[in-house]
Amino acid sequence: MKKWKTAAVLLGMGMLMTACSQGEAPENEQGQAAQDIKIEVQEDTGAASEENGAQEESRQEETSGESTRRETGGNGQETDGNEQEIQKDEIVVLDPGHSSVVAGGTEPLGPGSSEQKSADTSGTSGVSTGLPEYELTLRVSQKLKTELENRGYTVILTRDTNNVPVSCVQRAETANEAGADAFVRIHANGSEDSSVQGAMTICITPDNPFYPGLYAQSRALSDSIITELCAATGCENDSVWETDSMSGNNWSKVPATIVEMGYMTNPEEDELMATDEYQNKLTQGIANGIDAYFGY
């Protein structure tokens with residue numbers, strides 16, 4: 001309220017009170033004086049409301065501008081609402097199983113082991129599609145790499161082409177040297193029984209002779225991935241197989257799992273896994289499992 005209007009109101013009220021006390025103003029004059037004062041107060045209140053409204057509108061404009069700056073990244077360029085804003089700390093190493101050029105020779109089953117295993121094998125192939133396992137695993141791994149990077153992970157592939165030999169020990173060493181938080185090995189299964197189907201994951205046992213301290217984490221990683229993979233694809237869940245017969249897992253100094261996405265010896269699963277649509281479901285499921293493992 002402005003000072004001169006305040007003074008006018010107070011003066012008017014004083015005159016009215018004096019007149020009433022001295023009996024100098026008739027009743028109709030008293031009413032007129034009160035009405036004059038009321039009008040003066042209303043006019044002043046209206047002016048104050050207009051001033052407050054202008055200030056509020058200015059504040060809203062400032063807030064709207066700040067919101068716009070946040071949405072455009074402060075540089076006037078619109079940002080994608082799905083854009084990954086937070087880079088995760090975790091490193092994930094993906095191992096596309098097998099290769100078109102097989103690593104020859106043998107390797108110890110684990111560090112210091114006298115038992116030898118083939119450095120690698122050619123893997124299986126689709127009974128209906130003829131698609132080699134090494135091609136399928138690379139396709140899915142590349143899709144998965146992109147998906148995980150979009151979610152903020154740092155991702156490393158043990159191979160990004162089919163014509164390079166990579167032994168099981170070399171694959172594990174890639175994860176070890178990277179200091180990976182998870183080593184996820186992508187494979188497809190095979191069986192002499194063409195009716196067998198379903199997905200599974202594979203990890204070490206609690207009594208692993210090489211790195212038993214990694215069992216709990218490897219099991220948790222395996223559980224998370226198989227649960228989410230089957231939820232995304234609707235395939236049969238064959239759970240987790242615990243074994244110490246996989247040299248790639250035994251040489252890993254970080255939590256590791258093998259993902260058997262399905263049976264290429266089953267005509268139905270073979271044909272499904274060869275499609276982009278199903279590969280995308282596999283990718284989403286495995287990525288969701290990795291998120292669940294890390295608590296995202």
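**Close-up 1. His187 and the residues around it in the predicted model.** Leave out anything up to four places away in sequence, and His187 still touches Gly97, His98, Glu133, Thr137, Ile258, Val259, Glu260 and Met261. His187 itself sits in strand β5, which runs over residues 182-189. Is it buried or exposed? With a relative accessible area of 10%, His187 is under the 20% cut-off, so it counts as buried. One of those neighbours, Glu133, deserves a second look: its side chain and that of His187 are joined by a polar contact of 3.3 Å.

**Close-up 2. His98, a loop residue with a positive phi.** Here we move to one of the residues that His187 touches. His98 belongs to the loop that links β1 (91-96) with β2 (106-108). Its relative accessibility is 9%, so His98 is buried. What is phi at His98? The angle is near 65 degrees, and that is a positive value in a residue that isn't glycine. For background, most residues other than glycine have a negative phi.

**Close-up 3. Ser239, a strand residue with a positive phi.** Now for a serine in strand β7, the stretch of residues 237-242. Phi of Ser239 is near 65 degrees, again positive although the residue is not glycine. How much of it is open to the outside? Ser239 has a relative accessible area of 33%, which lies between the 20% and 50% cut-offs, so this serine is partly exposed.

**Close-up 4. Ser224 and its contacts from further along the chain.** This serine is part of helix α5, made up of residues 215-233. Ser224 has 17% relative accessibility, so it goes down as buried. Which residues does Ser224 contact once its neighbours within four places in sequence are set aside? They are Gly289, Ala292 and Tyr293. Look for Phe294 as well: it is 70 residues away from Ser224 along the chain, yet their C-alpha atoms are separated by 9.5 Å.

Methods. Residues numbered from 1 in each chain as written. Predicted model: local features only at pLDDT ≥ 70, side-chain atom pairs only at ≥ 80, totals over all residues. Heavy atoms only, no water. Helix = DSSP H or I, 4+ residues; strand = E, 2+ residues; numbered from the N terminus. Buried < 20%, exposed > 50% of the residue type's maximum accessible area, 1.4 Å probe, protein only. Contact = heavy atoms within 4.5 Å. Polar contact = N/O pair within 3.5 Å; in protein donor to acceptor, adjacent residues only side chain to side chain.
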